[in-house]
Structures are given as structure tokens and as C-alpha cells.
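Biologist: I'm new to this one. Could you walk me through how to read it?

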Amino acid sequence: MTMVLCVAPSMLALLIPASAIMWDHVIIERLHALWHCIACNVVVAFMLQVITAVTIRNLSATGMALVCVVKDLGIVFAASRILGEQLSRLQILGFVGSVLGIGLYSAMKLFPAAPGNVGDPNKERSK
């Protein structure tokens, strides 16, 4: 939230002159013609922000990272199926590696006393 509050004014300062330079009267006509699509888009964007905030609150930053990677995986997979794009082995390996890495880190955070975890503070205290 802090980043949005810091970045938004500077982006507004850059976008207002750009909009003035690129303005076309057709924009208002299209806004009136497509207002229902824009309203739906605003609602979806708002719900996405709410869902993101709730996810971060209920999960952790790691859980949110895992959700984002899985979302990206879903987008790439759906695009490859719908548009017929081919995924390279390196792309597939990258997605699998990122999901496994975040999953492994999450498991280590959830079960710190599991055998094999290096630097377990409970083992060092008991000695």
C-alpha cells in the first residue's frame, strides 16, 4: 500500500500530460458505448485487489509467492492450449523448479523440526 501511495502521484503527473497530447474525441464516445465492459473490468480489478490482500493476510508472503507462480503457470498453460503455442522444455522446467522450490521452502517453514532440516534451533538447544 505504501508503494502505491508513493508511486501513484508521480505516475499521475506523467500520465496527465501524455493523455493531453494523445487525446482523441472518440475516447468519450467509446466510453459511453462500452461503459458496461469498463464497469465490469473495474469490479474485477477491485475484487482482485481484495483477494490479494486477504490472501497475504491469511497466508504468508511465501504462500502468496506460491499462489502467484501457480497463477502464472495457469495463464501460460491456458494460453498454450487456447492459442496453440508450444512450451519449451526450459519453460516447463523453470515453472516446475519454481513451484518445487517455493513448496520446499514452505514445508521447511511449516515443519522446522522435521528430520534433515539444517540449523534446527531445537536440536542445538537440547545438546
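Modeller: Let's go feature by feature, starting with the overall fold.

Modeller: Keep in mind that this is a predicted model.

Biologist: Okay. How many helices and strands does the protein have?

Modeller: The protein has 6 helices and 0 strands. Read from the N terminus, its elements go α-α-α-α-α-α.

Biologist: And what share of the residues is buried?

Modeller: Of the 127 residues in the protein, 7% are buried. As for the surface, the protein exposes about 10800 Å², and 74% of that comes from carbon and sulfur atoms.

Biologist: Which residues form a nonpolar patch on the surface?

Modeller: Look for Trp-23, Ile-27, Ile-28, Leu-31, Leu-34, Ile-38 and Val-42, which together have about 620 Å² of accessible area. Two elements give two or more residues to this patch: helix H2 (26-33) and helix H3 (35-58). H2 is the one that gives the most, with 3 residues.

Biologist: Where is Leu-34 found, then?

Modeller: Leu-34 sits in the loop between H2 and H3. Its relative accessibility is 42%, so Leu-34 counts as partly exposed.

Biologist: How do I read a pair of packed helices?

Modeller: The general idea is that two packed helices are described by the angle between their axes and the distance between the axes. Here, H2 and H3 pack at an angle of about 75 degrees, and their axes are 5 Å apart. An angle from 65 to 115 degrees counts as roughly perpendicular, so H2 and H3 are roughly perpendicular to each other.

Biologist: Which residues meet where H2 and H3 pack?

Modeller: On the H2 side, find Leu-31, His-32 and Ala-33; they meet Trp-35, His-36 and Ile-38 in H3. Two of these names should ring a bell, as Leu-31 and Ile-38 are also among the residues of the nonpolar patch.

Biologist: Let's move on to charges. What's the idea behind a salt bridge?

Modeller: Side chains of opposite charge can pair when their charged atoms come close. In this model the count comes to 1 salt bridge. The side chains of Lys-71 and Asp-72 form it, with 3.7 Å from N to O.

Biologist: Are those two residues buried or exposed?

Modeller: In between, actually. Asp-72 has a relative accessible area of 34%, so it is partly exposed. Lys-71 is partly exposed as well, at 47% relative accessibility.

Biologist: Now for the inside. Which residue could I look at in helix H4?

Modeller: Try Val-69, which lies in helix H4. The cut-off for buried is under 20% relative accessible area, and Val-69, at 15%, therefore counts as buried.

Biologist: What is Val-69 in contact with, leaving aside its neighbours within four places in sequence?

Modeller: Its contacts are Phe-95, Ser-98, Val-99 and Ile-102. Take Phe-95: it is 26 residues from Val-69 along the chain, yet their C-alpha atoms are separated by 7.6 Å.

Biologist: Is there another buried residue I can practise on in H4?

Modeller: Yes, Ser-80, whose place is in helix H4 (residues 61-83). Ser-80 has a relative accessible area of 7%, so it is buried too.

Biologist: And what does Ser-80 touch, not counting residues up to four places away in sequence?

Modeller: Ser-80 touches Glu-85 and Leu-87.

Conventions: Residues are numbered from 1 along each chain as its sequence is written. This is a predicted model: local features need pLDDT of at least 70, side-chain atom pairs count only at pLDDT 80 or more; totals for chains, interfaces and linings use all residues. Side-chain values use heavy atoms; hydrogens and water are left out. A salt bridge is a side-chain nitrogen of Lys or Arg within 4 Å of a carboxyl oxygen of Asp or Glu. Buried means under 20% relative accessible area, exposed over 50%, partly exposed in between (1.4 Å probe, protein chains only). Helices (H or I, at least four residues) and strands (E, at least two) are DSSP runs, numbered from the N terminus. Accessible areas come from the Shrake-Rupley method with a 1.4 Å probe; for residues, only the protein chains shown count as cover. Patches are made of residues with over 30% relative accessible area and no salt bridge: like charges are joined within 9 Å, nonpolar side chains (Val, Leu, Ile, Met, Phe, Trp, Tyr) within 5 Å. Axes are lines fitted to C-alpha atoms, for helices over the stretch in contact, and angles run from 0 to 180 degrees between N-to-C directions. Angles under 35 degrees count as roughly parallel, over 145 as roughly antiparallel, 65 to 115 as roughly perpendicular and the rest as oblique. Contact means heavy atoms within 4.5 Å.
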